[in-house]
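Good morning, and thank you for joining this short presentation. Please take a moment to look at the sequence and the structure before I begin.

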Amino acid sequence: MKMKNAFTIFKNTYSTCLLIFSIVIIMGLVFNSETQLSSDVHPVLAFFLIWGAILWLSMVEGGQGALVGLTPINRDMYSDTHPTTYKCTEIAYKGDNLDRYLLGRQFMVVLLVFVINLSGAPLPGAELWGFPTALTNMFLVTGVAMILFTAMVGQLMSQVNAAHCMLDYLNNHSALITIWVALAIEFSGLLHASYLMQMLVAKVSGHTIESLESPRTRMQNIFFWSRCFMSVTILGLCFAVTLEALFQGKTTMWDGVPNAVSVFLFFLLMSVVGLLEGMQIAFFAVAKVCKSDRGDNPIAFKTCELLFKGQGLNLPGFMIGRQLCVVACFFIIARVTTINVSDVDENIFGVSDGMQRFFNTGLCGAVITTIVGSIWWQLVASAFPLSFISNPFVYIFLRICLILEAIGICSGAWVLAAIQKDTFGFKRDEVYIGTADERARKSVMDDLDLPHHGSGPMIKLPGFANQTPFFDIFSRDFDSFSVSEDGGSIFRKQIKDEEKEIAV
C-alpha cells in the first residue's frame, strides 16, 4: 500500500495500534470470563466462536463484492485457473440466485455481528488488568474496541482486496459454503417479508419487478406465499418478544437505563441504520444522474454539492465512515435487543425454558434488524433516491461519516489488506483475464447485457448489485476513482501503468 505522505503514515500507524490494542483487550475479556458467552459456557468456546464469526464475516463481505463484480465476465475465461470460483459463479448466476444469495447474505452479516457481540462484548461492570476507569469506559463500555475489531478485520479488509482480486478471493471452499448457506437462509422463507415490501415499493414507484426465471407454477406460488405469511408472522413475533423484554428490562442493555429509554433507543437506532443503508443506495443512484436532473430541493442540492465536491472523493469517504457507523449501531442494537432472562426470572410470555433459551440467542433482534432496519430502507431509497436525499438527516449523517473517515480511525484496514494479499498471494483479476479492452481484442466479450439485478429499476434487495463502482472505491489509492459533479464516473491515474506491469 502506497504511503503518499506523513499524515497517511500516521493514520495507518495509529489506527493499526488501536486495532492491536482492541484485539488484545477483547481476548483478555474472553479468557477472564468477562463476556456473556465465556461466562455462561467456556472461554475457549467464546474464543473460537468470535474468531470463526469474524473470519466468516470477512468472507461474506468480500464474497459479495466479488460475485457482483464478476457478473459481466465470460466465465469460461477462468474455468481452468479458478475452478472453485467458476463453481461459485455457476451457482450464483443461475436464474435469480444472485438476488437470493444477497438477501440471505444480509441476514448472515447481522447474525454474525450478534454472535461476535455475544462472544466478545464485556459484561456490565467488567474490569480488566486493573485498567483505569477512563480507559475501561473508552474502549470497553462504549464498545469502541469491538467496533474497530469488527469493522477493520471483518469487513473493510476483505472489501479492499475483493475489489480487485475477485477471482482469487472466491477460489476457496469457504466462499462456496457461504453461498450455499446464504441460499439456504433465503430458501427457508425467514426473510420473505422483504419481498412483500419489494412488491409494494414497485407498485408505488411504477417499476416492474423483473426476473431471470420463468413464471412460478401454481405449487411454486403456494410455496412462495406460504413462506411470505410465515415470515410476516415470525417478524411480528420477534417484535412482540423484543418489546416485551425491553419493557420488562430483560435485555443486555446497560444497567441504569430506564426501560422506556431502551425502547426509544431501539427504534432510534433502527432508523439510523436504515437511513445509512438507504443513503448508500440513493447516493449511487444520483451519481448517475445529471446535475440538472437532481431537482431543486435545497437539502438535496446541498447534499449533492458536498458529496460530489471537487473530484468527488467524498463519496468513497462516506462509504468508509458509513461502515463504521453501521457497525457501531449494530453493536448497540445487539446490546439493546438481546434478551437476557436467567433461570430464576419469569420467562417472556410464560414460554418454556427451552424456548426462552432460544429467545436469549438474540435471533429476534437479528431478524428485525435485517428486514426492518436494513432491507426495507434500501428498497425505498432505490425507488425514490431524490426524495430520500431531500431528508435533512441525510446531510447531517453525511457530514458525520466524512468526519469519521477523515480522522483515519479505520486506516488500519489498508495495512491488514496488504498483509492478507501478500499472505494468500492475491493477484489482480487482469493478471488472469486481462483488461476489458484486451478481452475485446481476443473476441471474448463481456456480457454487459447481463442484468445485475432481478428487481427492475430498483437496486438488488441488499444493495450493491448494479453498483460495481462501489467496490472500486476501496482501492488503496482513492485518487484512482471519483465521481464527478455532473454525475459521470472518472477512472483515472495509473491504469495504463498497472496494465504495463501485468504485461511485464
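I shall start with a charged pair: the side chains of Glu430 and Arg428 meet in a salt bridge, at 3.5 Å from N to O. By salt bridge I mean a side-chain nitrogen of Lys or Arg within 4 Å of a carboxyl oxygen of Asp or Glu. Glu430 counts as partly exposed because its relative accessibility is 22%. The terms here are buried for under 20% relative accessible area, exposed for over 50%, and partly exposed in between, with a 1.4 Å probe and protein chains only.

Two remarks on the source are due. This is a predicted model, in which local features need pLDDT of at least 70 and side-chain atom pairs count only at pLDDT 80 or more, while totals for chains, interfaces and linings use all residues. Residues are numbered from 1 along each chain as its sequence is written, and side-chain values use heavy atoms, with hydrogens and water left out.

How many salt bridges are there by this rule? The count comes to four. In one of them, Glu213 meets Arg100 at 2.8 Å, N to O. This pair links distant parts of the chain, 113 residues apart: Glu213 is in the loop between helix H10 (193-205) and H11, and Arg100 is in helix H5 (residues 97-120). Helices are DSSP runs of H or I with at least four residues, numbered from the N terminus. Glu213 is partly exposed at 33% relative accessibility, and Arg100 is partly exposed at 21%.

A further salt bridge joins the side chains of Arg322 and Glu277, at 3.0 Å, N to O. Here too distant parts of the chain are linked, since Arg322 is in helix H14 and Glu277 in helix H12 (residues 259-287), 45 residues apart. Both Arg322 and Glu277 are buried.

Arg227, in helix H11 (residues 218-248), offers a contrast. Arg227 is buried yet has no salt bridge, and Glu186, the nearest side chain of opposite charge, is 4.8 Å away. For charge, Lys and Arg count as positive and Asp and Glu as negative, with His and the chain ends not counted. Leaving aside neighbours within four places in sequence, Arg227 is in contact (heavy atoms within 4.5 Å) with Glu186, Phe187, Ser188, Gly189 and His192.

I turn next to Ser15, which lies in helix H1. Is Ser15 buried or exposed? Ser15 is buried, with a relative accessible area of 0%. Its C-alpha atom is separated by 6.9 Å from that of Gly408, although the two residues are 393 residues apart along the chain. A polar atom of the Ser15 side chain lies 2.8 Å from the backbone nitrogen of Gly412.

In helix H6 (residues 133-141), the residues Thr136, Phe139 and Leu140 are buried. Seen down the axis of H6, the buried residues fall within an arc of 95 degrees (taken from the directions from the helix axis to the C-beta atoms), so they line one face of the helix. Their cover includes helix H1 (6-31) and helix H7 (144-162).

Finally, the nonpolar core. The term denotes a set of buried Ala, Val, Leu, Ile, Met, Phe, Trp, Tyr and Cys residues joined through side-chain atoms within 4.5 Å. Of the 140 residues in the largest such core, Met279 and Phe283 touch the most other members. Helix H14 (residues 314-337) contributes the largest share of this core, 15 residues.

Key:
Helix = DSSP H or I, 4+ residues; strand = E, 2+ residues; numbered from the N terminus. Polar contact = N/O pair within 3.5 Å; in protein donor to acceptor, adjacent residues only side chain to side chain.
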